[in-house]
Amino acid sequence: LRELADHGLVVEDWGGQTVVCKVSALKKEGIDHLLDMILLQAEVMELTANTKKPARGLVLEARLERGRGPVATLLVQEGVLEVGDIVVAGSISGKVRAMSNDVGARLKDAGPSTPVEVIGFSEVPEASEVFYKVKDDRAAQKIVDYQVATSRAADMAKAGPRMTFADLDKQIQAGGEVREVKLLVKGDVHGSVEALAAAIEKLSRPEVGVKVLHSGVGGITEADVNLASASGAIIIGFGVRPESRAKQLAERDKVDIRQYSIIYEALDDVKKAMLGQLSPVSQEKSLGTAEVRDTFSVPKVGMIAGCFVTQGVVNRQAKVRLFRDNVQIYEGSVVSLRRFKNDAREVTQGYECGIGLNNYNDLKVGDLLEFYEVEQIAATLS
């Protein structure tokens with residue numbers, strides 16, 4: 001208390017006006033008293049928020065949900081946020097299509113100090129970003145374009161020669177000097193992305209450093225590939241896949257995209273590449289993709305997806321991943337593949353077929369099935 005007084009903060013017990021509350025988060029003591037004192041002080045000082053200003057606040061958390069798309073938890077700090085408002089958070093914009101409180105009740109508006117869950121962003125915004133209500137779509141696009149240009153310029157300033165895991169391994173094995181590996185990290189939720197990016201950067205060694213140039217939530221886009229191509233970075237996807245055009249662009253520009261579903265596998269691959277200890281590994285070879293156009297239930301068989309092969313070949317012996325909104329939700333094998341009523345070994349691009357997945361029935365129209373096989377490649381990851 002004496003140290004507080006030395007700084008001009010005289011507590012109430014000493015005749016001053018500074019409120020002191022004894023709290024312990026460990027013992028969960030004094031929290032209610034602290035909140036009561038904050039509310040009392042706000043009432044005594046007549047502190048009120050301005051509800052006439054355009055809504056403004058913080059993005060507390062955001063994620064990509066199946067069937068709902070980007071979902072963000074926002075804390076309104078100023079103004080009133082209403083359903084239908086156009087908002088911008090960093091380089092992401094959107095229109096508030098639905099809003100709910102902490103118990104799931106639908107809201108039409110939310111005032112200052114109100115946390116709400118919002119659906120309507122075009123992509124998943126970054127946690128801790130400041131969001132603003134803007135006048136219309138045109139104003140939102142101007143802000144987004146500026147934010148994207150600024151972010152791109154900052155990322156491009158870190159550009160360097162292009163490198164893959166295989167190039168890194170060869171250079172270390174040959175005794176060459178490798179100073180830094182640049183990575184882009186994309187994932188399905190913020191928590192996974194932040195954990196993976198932080199863990200990767202901790203792998204830096206005197207011989208080779210690791211820098212995550214960019215991280216974000218959602219599928220791997222053309223913008224990600226362009227940034228990786230220009231900056232010489234490797235893209236790591238955790239629980240997400242590249243969009244069709246992004247995949248084609250990556251193949252054209254020879255950008256290394258690695259996909260993982262287990263965080264330790266990603267860390268192990270980066271670590272092995274950095275230390276030049278790569279041993280023969282399994283390499284995925286993409287065979288083709290099919291889009292679910294319809295679903296129907298077959299007795300004693302289960303759910304069958306009526307599909308159209310959009311690219312390559314669908315093979316009955318291949319492994320398969322199921323993506324919904326560019327987020328992986330299943331990985332396994334094919335239990336049945338048919339053309340009309342006949343069993344088929346494979347179906348090529350441009351044809352329709354019926355596909356059944358092993359131990360999985362939650363198929364929906366619009367899902368994307370990606371077929372691949374695994375090859376053994378010696379001492380390389382690309």
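Reader: Of the 382 residues of the protein chain, what percentage count as buried?
Author: Happy to start there. This is a predicted model, where local features need pLDDT of at least 70, side-chain atom pairs count only at pLDDT 80 or more, and totals for chains, interfaces and linings use all residues. Residues are numbered from 1 along each chain as its sequence is written, and side-chain values use heavy atoms, leaving out hydrogens and water. Buried means under 20% relative accessible area, exposed over 50% and partly exposed in between, with a 1.4 Å probe and protein chains only; by that rule, the buried share of the 382 residues is 41%.

Reader: How many helices and strands are there in the protein chain?
Author: Helices (H or I, at least four residues) and strands (E, at least two) are DSSP runs, numbered from the N terminus. The count for the protein chain is eight helices and 20 strands.

Reader: Which two residues form an aromatic pair?
Author: A search of the whole structure finds one such pair. Rings of Phe, Tyr and Trp (its six-membered ring) pair if their centres lie within 6.5 Å; planes under 30 degrees apart count as stacked, over 60 as edge-to-face and the rest as tilted. This one is tilted, at 4.7 Å centre to centre with 35° between the planes, and its members are Tyr 330 and Tyr 360.

Reader: Where in the chain are Tyr 330 and Tyr 360, and how many residues apart?
Author: The pair links distant parts of the chain. Tyr 330 belongs to strand β16 (residues 327-339), while Tyr 360 is in the loop between β19 (352-357) and β20 (368-377); they are 30 residues apart.

Reader: Is Tyr 330 buried or exposed?
Author: Its partner Tyr 360 has 12% relative accessibility and therefore counts as buried. Tyr 330 has a relative accessible area of 10%, so Tyr 330 is also buried.

Reader: Over which ring does the charged end of Arg 241 sit?
Author: A charge sits over a ring if NZ of Lys or CZ of Arg is within 6 Å of the ring centre and within 35 degrees of the ring normal. Elsewhere, Arg 321 lies over the face of Tyr 372, at 4.3 Å from the ring centre. For Arg 241, the distance is 5.0 Å from the centre of the ring of Phe 323.

Reader: Which residue in the loop between α1 and α2 has a positive phi of about 55°?
Author: The residue is not a glycine. At 72% relative accessibility, it counts as exposed. It is Lys 28.
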